[in-house]
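Biologist: I am new to this structure and would like a close look at one part of it. Please take me to a single loop residue, then show me what surrounds that part in the rest of the chain.

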Amino acid sequence: LSELSDKVRVVQNIDTNHLLYLCTLYLTRNSGSAIYGMMYGKPCISHNFPPRPFGTYHEYLGGTIHSNNEKELINSVSLILKKDRLTMESIKARKKNFMFRQNP
């Protein structure tokens with residue numbers, strides 16, 4: 001991965017939450033750490049491709065922009081990096097709905 005871009009770093013033995021302060025956006029497959037990303041105000045994108053049978057709970061619970069394929073992922077990242085107004089408003093609404101959801 002690190003050979004693909006000078007912006008990619010491969011690390012190990014580090015708490016993901018420490019990296020959240022430094023990132024522009026957070027990409028996750030199926031991790032509860034997306035909640036920390038939302039708490040720290042980072043746009044979060046979830047995905048499940050190639051598909052795994054357990055799915056992605058953020059796709060169902062919300063809080064993230066979910067990408068079902070590489071094209072959607074590239075589009076979502078591009079819109080976030082451009083700070084597209086509608087995308088940023090959607091991220092705020094998804095975060096609010098997820099973080100402050102009331103149990104019936």
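Modeller: A residue counts as exposed when its relative accessible area is over 50%, and as buried when that area is under 20%. Keep in mind that this is a predicted model.

Take Pro-50 as the part to look at. Pro-50 sits in the loop between strand S2 (44-47) and helix H3 (57-61). Its relative accessibility is 61%, so Pro-50 counts as exposed. Now pair Pro-50 with Val-10. The two are 40 residues apart in sequence. In space, their C-alpha atoms are 21 Å apart.

Next, step back to the start of strand S2, which covers residues 44-47. Cys-44 is buried, because its relative accessible area is 3%. What about its sulfur? The closest cysteine sulfur is in Cys-23, 7.7 Å away. A disulfide needs the two sulfur atoms within 2.5 Å. The sulfurs of Cys-44 and Cys-23 are therefore too far apart for a bond. The structure holds zero disulfides. Cys-23, too, is in no disulfide.

Another loop gives a contrast with Pro-50. Ser-33 lies between strand S1 (26-28) and helix H2 (34-39). Ser-33 has a relative accessible area of 12%, so it is buried. Leaving out residues up to four places away in sequence, Ser-33 touches Thr-16, Asn-17, Leu-20 and Tyr-26. So one loop residue, Pro-50, is exposed, while another, Ser-33, is buried.

Now for the surface. A nonpolar patch there has an area of about 810 Å². Val-11, Ile-14, Leu-19, Tyr-21, Leu-22, Tyr-36, Met-39 and Tyr-40 make it up. One of these, Val-11, lies in the segment before helix H1 (16-20).

Charged side chains bring us to helix H5. The count of salt bridges comes to one. Arg-85 and Glu-89 form it, with 3.1 Å from N to O. Why are these two about one helical turn apart? They are four residues apart in helix H5, which covers residues 85-99. Arg-85 counts as exposed because its relative accessibility is 54%. Glu-89 has a relative accessible area of 42%, so it is partly exposed.

Finally, place these parts in the whole chain. It has five helices and three strands. Along the sequence, they follow the pattern α-β-α-β-α-β-α-α. The pattern therefore ends with two helices in a row. The C-alpha atoms fill a box of roughly 50 × 30 × 30 Å along the principal axes. What radius of gyration would a compact globule of 104 residues have? It would be near 13 Å, and the chain, with 14 Å, agrees.

Burial and contacts complete the view. Of the 104 residues, 31% count as buried. Ser-33 and Cys-44 are among the buried ones. Take contacts between residues at least 6 apart in sequence: 35% of them join residues at least 24 apart. The accessible surface of the chain is about 7,700 Å². Carbon and sulfur atoms hold 55% of that surface.

Terms used. Residues are numbered from 1 along each chain as its sequence is written. This is a predicted model: local features need pLDDT of at least 70, side-chain atom pairs count only at pLDDT 80 or more; totals for chains, interfaces and linings use all residues. Side-chain values use heavy atoms; hydrogens and water are left out. Patches are made of residues with over 30% relative accessible area and no salt bridge: like charges are joined within 9 Å, nonpolar side chains (Val, Leu, Ile, Met, Phe, Trp, Tyr) within 5 Å. Accessible areas come from the Shrake-Rupley method with a 1.4 Å probe; for residues, only the protein chains shown count as cover. A salt bridge is a side-chain nitrogen of Lys or Arg within 4 Å of a carboxyl oxygen of Asp or Glu. The radius of gyration is taken over C-alpha atoms; the globule rule is 2.2 Å times the number of residues to the power 0.38. Buried means under 20% relative accessible area, exposed over 50%, partly exposed in between (1.4 Å probe, protein chains only). Contact means heavy atoms within 4.5 Å.
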